[in-house]
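Subject: Handover of a protein structure

Dear colleague,

Please find below the structure that I am handing over to you. I would be grateful if you kept it open while reading the notes that come after it.

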Amino acid sequence: MKFRVDRDVLADAVTWTARTLPQRPAVPVLAGVRLCAENSTLVLSSFDYETSARAVIEVSVEQTGEALVSGRLLADICKSLPAKPVDVTLDEQNVRIRCGSADFSLITMPLDDYPALPDVPQTVGTIDSAELARAVAQVSLAASRDDTLPMLSTINCEFNGNTLTLLATDRYRLAQRDIPWQPASDEYQAGALVRSKMLSEMTKSLAGGGEARIALGEGQLIGLEQGGRRMTSQVTEGDYPPVKRLFPEETSTHAVVDRAAMQSALKRVSLVTDRNTAVRLTFEMGRLTLEAGRGEDARAREDLPAHLEGETIQTAFNPHYLLDGLTALDTPYVRMAFTHSAKPAVMTGQEEPAGAEQGDYRYLLMPIRYGI
């Protein structure tokens, strides 16, 4: 194997392919990236039996061949090379990388022990990759980080006609985002539970914009492909909890607040809190008051203008969870709707204080009980 390629092209492809490699692989070869040079292309691939990545780039091939080397080490080397053409050569049991005056030699891993990449399932539709990445980022923040709760560490993907619904919850908050997509069949319906961390990696890697193809197998594998790059992941088996019913059908009170102002105030007020301390919110006619701390402890308070419809509400939330919801929204105003001060609040976005609610993203947050 011998080929020449532009440094930036190689570094970008290697970094993308290696980004999902396991930190502690079950066997050493699963930490490798496979290089296959043929015709005028280089195919880079990685696979750990759960997630696969494949990238194709154009190179100048002098001699065809393939090799398996440490993916993370190769990525680090490629990113550190000078801005000059890179020559890669397989020399017996080593891969030699030369770029300008830099010269590296990597020990190869046995190709016979490396698993074959899974077959990509059938394409079921297309979606804007930037919009999908944004939606996954908005929802994934509500997924559980507890590995002992595998079902809650997934994102529930519901394909229903022309709408893709993403859902995630960790029992304390619930996020839902509806986005349009173009199914191969207008009547297409399916569901898939994908690990939140993995779906985030898959979509971030394709977040440059443009159309991405979604592939979905018979409950076993999901894939995303765009511009010569393809990634697949196993789906989680099981039934997702019926969490949609937690969103109230009607609310008696709602308040609209400038999102950026509330975000900044919350950050300041929460400086006096610790991990188990809530921030108290009081919504009155024309005003929102944020408070934290009690008694002889450090205390903070800040008032903000607010448009309230309904009765005065006093409630309290985990400040970090509340801040996550505010950060996920991308509208100038946040709308917080309540049925009762002790019941979950639903956060949505608005463009204007008296404008219409934007319901494509909803963030439900459980309150924390406290003495008033």
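The notes below deal with the overall build, the pockets, the cavities and the salt bridges.

**Overall build**

Please bear in mind that this is a predicted model. The protein has 372 residues, of which 49% are buried. Its secondary structure consists of six helices and 27 strands. Taken along the principal axes, the C-alpha atoms fill a box of roughly 75 × 50 × 35 Å.

Two further values describe the chain as a whole. Among contacts with a separation of 6 or more, 65% join residues that are 24 or more positions apart. The exposed area of the protein is about 18,200 Å², and 46% of that area is supplied by carbon and sulfur atoms.

**The pockets**

Rolling a probe the size of a water molecule over the atoms shows where empty space is left. The largest pocket holds about 740 Å³ of space. It is lined by 27 residues, and those closest to its centre are Glu50, Asp147, Arg195, Lys197 and Met198. Which helix gives the most to this lining? It is helix α4, residues 196–204, which provides five residues. Sorted by class, the lining of the largest pocket contains six nonpolar, 10 polar and 11 charged residues.

Lys197 deserves a separate look, as one of the residues closest to the centre of the largest pocket. This residue sits in helix α4. Is Lys197 buried or exposed? Its relative accessibility is 67%, and residues over 50% count as exposed, so Lys197 is exposed. The C-alpha atom of Lys197 is 9.1 Å from that of Ile155, although 42 residues separate the two along the chain.

The second largest pocket has a volume of about 270 Å³. Its lining includes Tyr172, Arg275, Asn318, His320 and Ile368. By class, this lining has six nonpolar, four polar and one charged residues.

**The cavities**

The model also contains three cavities of 30 Å³ or more. The largest cavity has a volume of about 70 Å³. The elements that give two or more residues to its lining are α3 (129–140), β11 (154–160), β12 (163–169), α4 and β17 (221–226). Among the lining residues are Leu132, Val136, Phe159, Leu199 and Ile222. What classes of residue line the largest cavity? There are 10 nonpolar residues, one polar residue and no charged residues.

The second largest cavity has a volume of about 50 Å³. Strands β16 (211–216), β17 and β18 (229–234) each give two or more residues to its lining. One residue, Leu224, is found in the lining of the largest cavity and also in that of the second largest cavity. By class, the second largest cavity is lined by four nonpolar, three polar and three charged residues.

**The salt bridges**

Side chains of opposite charge can pair when their charged atoms come close. How many salt bridges does the model contain? The count comes to 20.

Three pairs may serve as examples. In the pair formed by Arg7 and Asp8, the side chains meet at 2.7 Å, N to O. Arg7 has a relative accessibility of 16% and therefore counts as buried, whereas Asp8, at 45%, counts as partly exposed.

The side chains of Arg173 and Asp170 form a salt bridge at 2.8 Å, N to O. Both Arg173 and Asp170 are buried.

In the salt bridge between Arg301 and Glu291, the closest N and O atoms are 3.9 Å apart. Arg301 belongs to strand β22 (residues 300–305) and Glu291 to strand β21 (residues 287–292), so the pair ties together parts that are 10 residues apart in sequence. Glu291 has a relative accessibility of 23% and counts as partly exposed.

Salt bridges can also be linked to one another: Glu131, Arg177 and Asp360 are joined in a network of them.

I suggest starting with Lys197 in the structure and then turning to the rest of helix α4, where this residue has its place.

Yours sincerely,

A colleague

Terms used
Residues are numbered from 1 along each chain as its sequence is written. This is a predicted model: local features need pLDDT of at least 70, side-chain atom pairs count only at pLDDT 80 or more; totals for chains, interfaces and linings use all residues. Side-chain values use heavy atoms; hydrogens and water are left out. On a 1 Å grid over the protein atoms alone, a cavity is a set of points where a 1.4 Å probe fits but cannot get out, and a pocket is an open set with protein on both sides within 12 Å along at least five of seven lines; lining residues have an atom within 4 Å of a point. Grid points are joined across faces, edges and corners, and a volume is the space filled by probe spheres set on the points. Helices (H or I, at least four residues) and strands (E, at least two) are DSSP runs, numbered from the N terminus. Ala, Val, Leu, Ile, Met, Phe, Trp, Tyr, Cys and Pro count as nonpolar, Asp, Glu, Lys and Arg as charged, and the others, Gly among them, as polar. Buried means under 20% relative accessible area, exposed over 50%, partly exposed in between (1.4 Å probe, protein chains only). Contact means heavy atoms within 4.5 Å. Accessible areas come from the Shrake-Rupley method with a 1.4 Å probe; for residues, only the protein chains shown count as cover. A salt bridge is a side-chain nitrogen of Lys or Arg within 4 Å of a carboxyl oxygen of Asp or Glu.
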